[in-house]
Amino acid sequence: MSLTPETCGAAASGDARMIRIANGQGFWGDWLEAPVRLIEQGPIDYLTLDYLAEVTMSILQKQRQADPTLGYARDFPPLIGRIAKRMLDRNVRVIANAGGVNPVACAEAVRKAAPGIKVAIVLGDDVLSRIDEFLGKGYEMRNLDTCAPLATIRDRILSANAYTGAFPLAEAIATGAHVILAGRAADPALALAPMIHEFGWRETDWNKLAAGTVAGHIIECGTQATGGNCQVGWQNIPDLANIGYPIVEAEPDGTFVVTKHPGTGGRVHSDIVKEQLLYELGDPKNFIAPDCTADFTTIHLDDIGPDRVRVSGIQGRERPTNLKLSISYANGWKAIGTLVFSWPQALEKAQAADQIVRSRMKQLDLQFDEIHTEYFGANACHGHIARFSDPPEIQLRIGVRSSNRKIVDRFTRELIPLVLSGPPGATGYGEGRPPVREIVSYWPALVPRGEIKSSIEVLG
Amino acid sequence: MKVPLGKIAHTRSGDKGDTSNIGVIVYDLKDYPLLVNELTAERVKAFFGDLVKGKVERFELPNLGALNFLLHEALGGGGTAALRIDPQGKTLGAALLRVEIDYYI
């Protein structure tokens, strides 16, 4: 793209052309160097950064409760400080859902870290203060997984946000801002928004909106599209230490090429893109996003060159009448303790130790909602499907869960005594007692689309 | 001839709440009809046994040479409340590579 931020979209002038949209963050905690390298190692027009997993919003809500100036992805403002000069020199604009539950504070921190950067904030996703209003209107907001009505956990809700679509983000791009900052924007919307802005796509262009949504799904998990976490010849995927993050070269007609910067590690191939397309997929004919419903059975992939996969043929249908809410709530306490037993009879020793711990907890009358034991090294990942014989060492891993913090805390003192009083050869207790953690659970639900009104605020 | 699924296909798995999804993708499109015939939802349910408490659903993506399975109630409650080492089912796709299928093409 060679548009200046002041230009209002290439479609208006009739010379729309290919734009490059990269993703440099698959979740909060992804590689800090990735966005910097994307902007330094080759041409891109838009840099998207996805910081929010399902329960990230609740963690941010807790941080905001402790300090009203927090509640956003704190890695984001220093990153913009680091890349601001490059962004301005190369006219690269950043689109991120780093705002969490406090996008205004995040925008102010960005302005502090990079004073020359203009920030547009998309507001309106945070509905925590409207939950009772929604319940009053008769919206039950039943859990999409369990069907339970929201009223059953009303007093334990920590955060509530709507997954918003790409059109408010596109509107924010049109303000000419260098950074477009949202709260709980849906992950694929981050990549779809610049296509809407640049190509002038409308709210009923279902096939194109579906294509942009699929592009967003392919790159939203970062390097899962470029050879990370890939089963296909993983030993031969080059230079994972310097893996290139994914880039989409988008065309106005909805076709696009998935690629990465030349000279970076990793690989882009149709086998790898297929793995990412299938990731966390439900019914492939009904991939529901805020802006459309995409049909994954219409996606056509072609390997058109080294590290280049062309994606075409995507069809979509009408957007859903409801928007999805991401609600989080306090759901009790848990702790997970471990001990290691060595050969010989490592598994038998670990099993005997598990019985001792359970017997002692029964004598103490600790009534947990759940006790779960795994034998790490034998069956923790694959259960009864795993095959092994006489392993050299086994880690006993016992987890407990309860709404009563006290009994979870009591459990954390029950493992270490076994070093002296249990089967022989116990070790691996160097970390001491395991921490008791509060469980914050995710509650997906629906509200009518009309309830969510987005607005844009510009700083700078 | 019996072969493990991993000889003809690769997998990617993830989660949605307490449901794990496993995408199964053939390396060579000529094996796709065989995959569709052999790797039924019943077969996958039987293979995982009591690791999957709920039903198994199957969806076909012939355009990608892929099947998508939804394994309901497979993640010990799922999400942050689960006590497992793999509450997101990231390794369940690899487990399925071991299932033996009749290779007759």
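Tutor: Two strands pair if DSSP finds at least two bridges between them. Keep that in mind for this predicted model.

Student: How do you know that β2(B) and β3(B) are paired, and in which sense?

Tutor: The definition asks for at least two bridges. β2(B) and strand β3 (residues 19–26) of chain B have 8 bridges, in the antiparallel sense, so by the definition they pair. Within this pairing, B:K16 stands opposite B:T19 in β3(B).

Student: Which strands make up the sheet, and in what order?

Tutor: The sheet is open and has 4 strands of chain B, in the order β2-β3-β5-β4, with antiparallel pairing.

Student: What makes β2 and β4 of chain B edge strands?

Tutor: β2 (9–16) and β4 (56–61) of chain B each have a single partner strand, so one side of each is left without a neighbour in the sheet. Neighbouring strands of this sheet are turned by 20° against each other on average, direction ignored.

Student: Which helices pack on these strands?

Tutor: α10(A) packs on the sheet, touching β2, β3 and β5 (66–71) of chain B, and its direction makes about 155° with that of β3(B). Helix α2 (residues 41–48) of chain B lies across β4 and β5 of chain B, at about 135° to β4(B).

Student: Why is helix α10 of chain A called largely enclosed?

Tutor: A residue is buried if 20 or more other C-beta atoms lie within 10 Å of its own. In helix α10 (residues 270–278) of chain A, 9 of the 9 residues are buried, so the helix is largely enclosed by the rest of the structure. Among them are A:D271, A:K274 and A:E275. α10(A) is followed by A:E280, whose phi is positive, near 55°.

Student: What makes chain A as compact as a globular protein of its length?

Tutor: Chain A has 13 helices and 19 strands. Its radius of gyration is 25 Å, and the globule rule gives 23 Å for 460 residues; the two are close, so chain A counts as compact as a globular protein of that length. Buried residues make up 48% of the 460 residues in chain A.

Student: Why is the largest nonpolar core said to lie between two domains?

Tutor: That core has 162 residues, and A:L181 is one of those with the most contacts inside it. The largest share, 10 residues, comes from strand β14 (residues 322–342) of chain A. Domain 1 (10–125 + 163–320) and domain 2 (330–440) of chain A both give residues to the core, so it lies between them. The C-alpha centres of these domains lie 40 Å apart.

How values were computed:
Residues numbered from 1 in each chain as written. Chains lettered and ligands numbered in written order. Predicted model: local features only at pLDDT ≥ 70, side-chain atom pairs only at ≥ 80, totals over all residues. Domains from an automatic or database assignment. Core = buried A, V, L, I, M, F, W, Y, C linked by C-beta atoms within 7 Å. Buried ≥ 20, exposed ≤ 12 C-beta atoms within 10 Å, placed from the backbone. Helix = DSSP H or I, 4+ residues; strand = E, 2+ residues; numbered from the N terminus. Rg over C-alpha atoms; globule rule 2.2 N^0.38 Å. Axes fitted to C-alpha atoms, helices over the stretch in contact; angles between N-to-C directions. Contact = placed C-beta atoms within 7 Å.
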